[in-house]
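Work through these short exercises with the sequence and the model open. Each task is followed by its solution.

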Amino acid sequence: MGDRFVVVPVDGGEIAEHPGSVKAQAARLTCDDGWDEEPELEEDALFKPQDPNAAVPILEYNREPNKYGDGVPKENSPFINNTDNDKSSSYDGTNMALFEEEMDSNPMVSSLLDKLANYTNLTQGAQEHEEADDDEGSKKKAVKSPQMGTFMGVYLPCLQNILGVILFLRLTWIVGTAGILESLAIVGLCCSCTMLTAISMSAIATNGVVPAGGSYYMISRSLGPEFGGAVGLCFYLGTTFAGSMYILGTIEILLTYIVPKAAIFVAEKKEDQGDALLNNMRVYGTCCLTLMSVVVFVGVKYVNKLALVFLACVILSILAIYAGVIKTIFEPPDFPVCMLGNRTLQNHNFDKCLKMDMVGNVTATTQLWKLFCKGPDFNATCNEYFLNNNVTQIQGIPGLTSGVISENMWSVYGPLGMLVENKKLPSVGGSDPTQDIYLPYVVNDIASFFTLLVGIYFPSVTGIMAGSNRSGDLRDAQRSIPVGTILAIFTTSVIYFTCVVLFGACIEGVLLRDKFGDSVKGNLVIGTLSWPSPWVIVIGSFFSCCGAGLQSLTGAPRLLQAIARDGIVPFLQVFGHGKANGEPTWALLLTAGICEIGILIASLDAVAPILSMFFLMCYLFVNLACAVQTLLRTPNWRPRFKYYHWALSFLGMSLCLALMFISSWYYAIVAMVIAGCIYKYIEYRGAEKEWGDGIRGLSLNAARFALIRLEEAPPHTKNWRPQCLVLLNLDSDQVVKHPRLLSFTSQLKAGKGLTIVGNVLEGTFLTKEAEAKKAEQNIKSSMTAERTKGFCHVVVSSNLRDGVSHLIQSAGLGGMKHNTVLMAWPGNWKQSNDPQSWRNFIETVRETTSAHQALLVAKNVDSFPANQERLGEGTIDVWWVVHDGGLLMLLPFLLRQHKVWRKCKMRIFTVAQMDDNSIQMKKDLQTFLYHLRLNAEVEVVEMHDNDISAFTYEKTLVMEQRSQMLKQMQLSKTEREREIQSITDESRNSIRRKNQVAAEGASLSRQSSPTEDTQEDEAQLIHDRNTASRASMNDKSEAVPDRVHMTWTKEKLFTERNRNRECNSNVAMRDLFNMKPNQTNVRRMHTAIKLNEVVVNKSQGAHLVLLNMPGPPKNRGGDENYMEFLEVLLEGLNRVLLVRGGGREVITIYS
């Protein structure tokens, strides 16, 4: 609409019109918004003046979770947020009357745009919970519309999450151990991985709105619930272990650099120092975790308010490092390192780096002497290496211009307990080095190698998802997330690269490899470089680790809550609940429990590779999601971020996978196994979700490609397997009559090949749509219960015959069409008053033959075994009467692959005539089965040409008499209906003629009432009928007049009709008892009886009997006799499967 308007409340309660506004729209807004003469707006009203003097109402975003649900937009809504209030808005106007009936399901564009403008989003964070705490149960205040920009909303949070504990506690050790070149390689690998992931994440994050859940939401909606749940839980575990790592870092800083005397466990010997440190970490870490959990539980708002303080600590610490590097150019700080020979000494228990010192003109031994000798005397027994080597003092931080960079260029890896040495200094060999580790030397506390350092370093580049997790707080998330995240990664990458080079250029190698700063009196190594004081880094890193730990304990429970509320993992449902304000209490308890596991490990170096695995797996699937969506070119894939490519995503995915195995191959396998188990659990037990994910699109593309390939040529005999169309019958309540038919299908297929379960409803689709959906749901439920994997197809047709024909012709797609029809035997066809049931059955047999499809008919299907049953020792008997493609021999083999039939043996019977050599037939059949690789017992049954017995003759006669009686009954019924119809037609014609005569009389005199004429017409019960006289069959020669004028009443009509019917029936019955049976039918009945006798004799105890199904007669007049023949053939047998081939070979002896 071209005109624009602004609603302005003015004095007097009226609504002033803006120039160019429309009165009708303004009036409608008045009604809809409920503005009275004195506007009183609710606290959570959508339109609310922020200023009492303001003239224009302010459009505000409402983020109240209780009003709009749990913050997750409903996937099935045409709007992003669809509330019940939307449905009550009535349609008003006539210019769209053509579409008014569709307004409920297809809203007007203006309505859609209105909902998009009022889009609300709930961030993953604590803002809504914080408001609930403030309001104390009262109505929440309307949250201000998101105003955070790229810098505050994305850049700084990512910076805070990326820079952290590894930078302050381990980067100097990594540089000293790996050397500058390999350290640059480690940093380059990890930063490249996160940069490529950020590019993929930016594409996904800008392809629509990302609600609460952040990376979990992106992955699950892009790759489906199975991948989403698996990777979401891995990301949750990674975030939880990150909390453990940050808490361990906090305690390490506290006990090593701030208050070392606070240690509870103190080692008396050097070899016990490691265990004492780990125990202290466990005790203090558990206390710290408990304290942090209480803080998060009591008030998350304090964590959010302190976030800026923690960020300031990180930034100040970084600036202090760069300031210290610059200061080393002019005035390096004084941190001497004491060396014995070329070995580095722990500078804790001595003041002077001397063996002897002058005290009042007297030479005396120092405290260092006492550490290596058994007494302070000069003649005391001392360590051999101590006596042979001199004590020297080198500067720990020689400065940027000292040239130490060349010495730190290469790696110095070593095993556990290796002494930290400076190879440039002279050294004279002494005692056994394995015993020297117990002396006050600086040694490796763990074995070091390149892959371990990658795993330890990688957590320092995680945290790139912080921006996407805050999408609801951003003014323009589509622009801010890519720019802020990539800029933050670029900034941190520059910081890491420069730190690696500057550390190697400023700090002595032995000090770099001193992980805990023992050689500089227990100072933090990176702190010795900072300016103005080492305490800037120590305090800054302490608060930084505290803040990161609190952020992890805040974010991880909300991530778990988002997964639980999605409902894809049933056993996690309890973690979707929390306090009244939505705080995830149970999720916080679980998070604290898992976090305690990491704290009990107690080693920062052991926990870091664990969380590296989970983060790498998450990043791997972000890249995979972007690559899949890009390659599939799905119509909904329209990211605003254009600087992405599938090759970059695949490179990022490959890099993530490589880093997982580089860091720790066994941790990588464990992480993959955990993700795989979660995937399979969600696949089999989880709720079915349809999120339009990329994996579904990938499946569709793969299916299309495969179908096109299948269409090129028919399958070879070696690849033939029964692709079944199962024709099910439903009762009046749309419940499956024979569920065991589905069980038999799953046993026959064993989950392989195509299964289509079809059903036909009589009627029209417009009237039977609801019943069709109900039938489809019931069939799918039965398929699930019977473990039948396949597709359901319910057809609504005017009659059953046409519906079944349509299914046989059109079910399936392309090369994935059925080649076999499976149905149940109509067991009550004799008792049915409607012959259409067995006629439909015979027509189905004919149509499958015409379509060159195999047909399987199961008799007594309700007695077939269920999938849970296990049949004992028994046989599957195959009666091979005629060869129609070898399906009879293939079916038992397929059945025996299933657990139900596995113990059954296969027996094959074939029938020999008088002139056949039964011995030779048995040998040939055994050879044939040998070439077919089938194990079966073979038996040839001889059927002699016996005389036709009187029983066969009599049974055939009864069968034909029954057929004739059915025809007579059907004929009399048809005549009766035809006679009534003709009488009714004549009656209507007579009334019409009388109406015409009455109308002509009424034109002369219109004084008679039209009501009386109508009553006369309705009261016309007797009419004249001129008809030819009908002579009875016994009085054909009697002459009758050409026309007889008779007046018929109802009584006369029924009397005459019954008299004629009795005459006709007497003659028919007389002919019926005088008839002789057809000789062809007698021969067929004889075959059925004799073959039935043989089959019952041999196979009555078999678990299953497979038998060739004879074809229906070409002359449709003998259809009812055909059913009788089959009934006789199957008499006395329990489980029978009639098999009719499709006219092609389905089994071959060739490889």
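**Exercise 1.** Place Asn1081 in its element, then decide whether it is buried or exposed.

*Solution.* Start with the element: Asn1081 sits in helix H35, residues 1079-1099. The model is predicted. Next, take the accessibility of Asn1081, which is 10% in relative terms. Buried means under 20%. Asn1081 therefore counts as buried. Finally, check a partner along the chain: Asn1121 is 40 residues away from Asn1081, yet their C-alpha atoms are separated by 7.8 Å.

**Exercise 2.** Find how many residues of helix H16 are buried, and what covers them.

*Solution.* Helix H16 spans residues 450-457. Six of its eight residues are buried, so the helix is mostly covered. The buried ones are Leu452, Leu453, Val454, Gly455, Ile456 and Tyr457. Now look at the cover. It includes helices H7 (165-169), H8 (171-205), H17 (477-506), H22 (604-632) and H23 (646-663).

**Exercise 3.** Locate Glu268 and identify the surface patch that it helps to form.

*Solution.* Glu268 lies in the loop between helix H10 (225-258) and helix H11 (273-298). Its relative accessible area is 82%. Exposed means over 50%, so Glu268 is exposed. Together with Glu271, Asp272 and Asp275, Glu268 forms a negative surface patch.

**Exercise 4.** Describe the whole protein: its elements, its burial and its contacts.

*Solution.* Count the elements: 36 helices and 19 strands. Of the 1151 residues, 48% are buried. Among contacts with a separation of 6 or more, 80% join residues 24 or more positions apart. The exposed area is about 58,200 Å², with 56% supplied by carbon and sulfur atoms.

How values were computed: Residues numbered from 1 in each chain as written. Predicted model: local features only at pLDDT ≥ 70, side-chain atom pairs only at ≥ 80, totals over all residues. Heavy atoms only, no water. Patch = residues over 30% accessible without salt bridge, like charges linked within 9 Å, V, L, I, M, F, W, Y side chains within 5 Å. Areas by Shrake-Rupley, 256 points an atom, 1.4 Å probe, with all protein chains shown as cover. Salt bridge = Lys/Arg side-chain N within 4 Å of Asp/Glu carboxyl O. Lys, Arg positive; Asp, Glu negative; His and termini not counted. Charge placed at Lys NZ, Arg CZ, Asp CG, Glu CD. Helix = DSSP H or I, 4+ residues; strand = E, 2+ residues; numbered from the N terminus. Buried < 20%, exposed > 50% of the residue type's maximum accessible area, 1.4 Å probe, protein only. Contact = heavy atoms within 4.5 Å.
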